[in-house]
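Reader: I am new to this structure and should be grateful for a close look at a single part of it. Please choose one element and explain how it sits within the whole.

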Amino acid sequence: MAIQRVNATKLVGLEALTRDLVGKMITAGFSLVAVDGKEETTHSPMYWGESKVMQQLRALIEKVAVTDANLLITGENGTGKEMLAREIHALSNRKYKEMIAVDMGTITESLFESELFGHVKGSFTDAHTDRTGKFEAADNSTLFLDEIGNLPYHLQAKLLTVLQI
């Protein structure tokens with residue numbers, strides 16, 4: 001299973017690649033509307049700017065969004081990785097299911113497996129009810145794992161094992 005890499009290079013700010021965006025905002029807004037009695041999430045288009053680099057990024061995103069490819073979005077803090085992931089999700093065939101975003105830096109070691117993989121009632125002392133993990137909740141949808149680098153190495157290894165399956 002190949003992983004496509006997308007580098008989020010400062011989608012907002014004074015970076016050299018996007019200087020023409022200064023003073024403008026990139027937005028990816030979502031709203032909930034009722035369609036034939038069913039609630040549906042609608043996507044309001046992301047503002048991409050006018051620079052050649054941003055238009056190239058947009059073209060790449062539109063190509064990969066319609067595939068089932070696994071993506072690795074890299075970039076420094078504040079570069080818009082989650083915003084980009086939400087845009088990819090909104091343009092994909094998975095858009096009708098909720099995208100699951102997880103800040104891996106906030107998950108404690110003791111809750112790592114329970115949060116990601118779930119548990120059944122009674123599997124450990126505080127397991128009073130069944131809990132669906134993030135991987136199962138994101139089935140046929142998008143799972144965005146942020147701040148993986150903040151996990152201890154042994155938990156990164158567990159995560160890598162799951163992603164390689």
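Author: What follows is an account of helix 1 and its surroundings, beginning with the overall layout and ending with the largest pocket and two loop residues.

The model is a predicted one. The protein has 165 residues, of which 30% count as buried. Its secondary structure consists of 5 helices and 8 strands. Read from the N terminus, these elements follow the order β-β-β-α-β-α-β-α-β-β-α-β-α. Among contacts between residues at least 6 apart in sequence, 58% join residues at least 24 apart.

Helix 1 is made up of residues 52-65. Its 14 residues should span 20 Å at 1.5 Å a residue, and its end C-alpha atoms are indeed 20 Å apart, so the expected and computed values agree.

Which residues of helix 1 are buried? They are Met54, Leu57, Ile61, Val64 and Ala65. Because these residues cover an arc of only 95° around the axis, they lie on the same side of helix 1. An α-helix has 3.6 residues a turn, so residues three or four places apart point the same way. On the other side of helix 1, Lys52 and Lys63 are exposed.

The buried side leads to the largest nonpolar core. In soluble globular proteins, nonpolar side chains tend to be buried together. Here the largest nonpolar core has 12 residues in all: Met46, Trp48, Met54, Leu57, Ile61, Ala65, Ile73, Leu84, Ala85, Ile88, Met99 and Phe144. Helix 1 and helix 2 (81-91) are the elements that give two or more residues to this core. Helix 1 gives the most, with 4 residues.

Ile61 serves as an example from this group. This residue lies in helix 1, and it counts as buried because its relative accessibility is 0%, where the limit for a buried residue is under 20%. Ile61 and Leu84 are 23 residues apart along the chain, and their C-alpha atoms are separated by 8.4 Å. Ile88, also a member of the largest nonpolar core, is in contact with Ile61, Ala65, Leu71 and Ile73 when its neighbours within four places in sequence are left aside. There is also a second, separate core of 11 residues, which includes Ile107, Leu116, Leu155 and Leu159.

The largest pocket holds about 1,300 Å³ of space. Its lining comprises 36 residues, and the closest to its centre are Asn70, Leu71, Leu143, Leu145 and Leu163. Leu71 has thus appeared twice, as a contact of Ile88 and as one of the residues closest to the centre of the pocket. Strand 4 (70-74), helix 2, strand 8 (143-146) and helix 5 (153-164) each supply at least two residues of the lining. Helix 5 provides the largest share, 6 residues.

Two residues in the loops on either side of strand 8 complete the account. Asn140 lies in the loop between helix 4 (134-137) and strand 8. Its phi is positive, about 60°, although Asn140 is not a glycine. With a relative accessible area of 58%, Asn140 is exposed. Glu147 is found in the loop between strand 8 and helix 5. Phi of Glu147 is likewise positive, near 60°, in a residue other than glycine. At 24% relative accessibility, Glu147 counts as partly exposed.

Note on methods
Residues are numbered from 1 along each chain as its sequence is written. This is a predicted model: local features need pLDDT of at least 70, side-chain atom pairs count only at pLDDT 80 or more; totals for chains, interfaces and linings use all residues. Side-chain values use heavy atoms; hydrogens and water are left out. The expected span of a helix is 1.5 Å times one less than its number of residues. Buried means under 20% relative accessible area, exposed over 50%, partly exposed in between (1.4 Å probe, protein chains only). The arc is that of the directions from the helix axis to the C-beta atoms. A nonpolar core is a set of buried Ala, Val, Leu, Ile, Met, Phe, Trp, Tyr and Cys residues joined through side-chain atoms within 4.5 Å. Contact means heavy atoms within 4.5 Å. On a 1 Å grid over the protein atoms alone, a cavity is a set of points where a 1.4 Å probe fits but cannot get out, and a pocket is an open set with protein on both sides within 12 Å along at least five of seven lines; lining residues have an atom within 4 Å of a point. Grid points are joined across faces, edges and corners, and a volume is the space filled by probe spheres set on the points.
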